[in-house]
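Student: I would like a close look at a single part of this model. Please take one helix and its surroundings, and give the reasoning along with the values.

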Amino acid sequence: MALISDILLIAGALGATLYCYVLARRLRRFNDLEKGMGGAIAVLSAQVDDMTKVLKGAQFSAKSSTDSLEGLTGRAEDVARRLELLVAAMHDLPDDAVSDATRKASQPAPAAEAPRPAAPQTAAPKPAAPASAETGDTEPTVLFRRNAREAAE
């Protein structure tokens with residue numbers, strides 16, 4: 001009986017040795033930096049570093065784009081305010097001044113002047129300069145270029 005127990009004990013020890021040997025080989029392949037999981041972890045670590053750099057660059061680019069858009073939006077709001085003032089100033093013009101200006105524009109040029117080449121005229125009048133808030137004065141309304149030349153002469 002002692003002999004059978006010794007044989008079984010030796011067989012168990014050999015089986016455990018074989019099992020440990022197989023596990024050691026698997027663990028070596030698992031941690032191998034070329035092909036195994038260690039290599040995959042090393043590659044993923046390098047990719048994380050690269051992605052971190054790219055992300056910082058993208059954040060910087062987005063910040064500069066945001067700053068640029070904020071500046072452009074501010075300028076657009078300023079222009080919109082000016083346009084609102086010009087439109088409000090157009091509503092404040094008396095109807096007589098607008099009709100006189102359009103009547104003057106539709107009259108033919110005097111014969112003494114040399115004929116000018118026909119320039120396309122737009123139907124929409126140009127906005128007048130708003131009244132000065134400090135003095136309360138308004139400049140004469142000039143709707144067309146011809147009227148500006150006549151006013152200058």
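Student: Which residues form the positive surface patch, and what is the setting of helix α1, residues 2-31?

Tutor: This is a predicted model, so the values below are computed from predicted coordinates. The protein has four helices and zero strands, and along the sequence the pattern reads α-α-α-α. Of its 153 residues, 7% are buried.

Start with the helix itself. Helix α1 covers residues 2-31. Its 30 residues, at 1.5 Å a residue, should span 44 Å, and the C-alpha atoms at its ends are 43 Å apart, so the expected and computed spans agree. None of the 30 residues of α1 is buried, which means that the helix lies largely in the open. The cut-off behind that statement is a relative accessible area under 20% for a buried residue.

The positive patch consists of R25, R26, R28 and R29. R26 can stand as the example: it sits in α1, and its relative accessibility of 52% makes it exposed, because the cut-off for that class is over 50%.

A nonpolar patch is also found on the surface. Its members are L27, F30, M37 and I41, with about 390 Å² of accessible area together. Helices α1 and α2 each supply at least two of its residues. F30 is one of the members and is located in α1; at 45% relative accessibility, F30 is partly exposed.

The other helix that contributes to this patch, α2, spans residues 37-92. A search of the whole structure gives two salt bridges. In one of them, D67 pairs with K63, and the closest N and O atoms are 3.7 Å apart. That distance qualifies because the cut-off is 4 Å between the side-chain nitrogen and the carboxyl oxygen. D67 and K63 are four residues apart in α2, so about one helical turn separates them. The general rule is that an α-helix has 3.6 residues a turn, so residues three or four places apart point the same way. D67 is partly exposed at 39% relative accessible area, whereas K63 is exposed at 54%.

R81 and D78 form another salt bridge, in which the closest N and O atoms are 2.7 Å apart. Here the spacing is three residues within α2, again about one helical turn. Both partners fall into the partly exposed class: R81 has a relative accessibility of 46%, and D78 has a relative accessible area of 34%.

To put the parts together: α1 has zero buried residues and contains the exposed R26, a member of the positive patch. The nonpolar patch draws on both α1 and α2, while the pairs D67 with K63 and R81 with D78 lie within α2.

Conventions
Residues numbered from 1 in each chain as written. Predicted model: local features only at pLDDT ≥ 70, side-chain atom pairs only at ≥ 80, totals over all residues. Heavy atoms only, no water. Patch = residues over 30% accessible without salt bridge, like charges linked within 9 Å, V, L, I, M, F, W, Y side chains within 5 Å. Areas by Shrake-Rupley, 256 points an atom, 1.4 Å probe, with all protein chains shown as cover. Lys, Arg positive; Asp, Glu negative; His and termini not counted. Charge placed at Lys NZ, Arg CZ, Asp CG, Glu CD. Buried < 20%, exposed > 50% of the residue type's maximum accessible area, 1.4 Å probe, protein only. Expected span 1.5 Å × (residues − 1).
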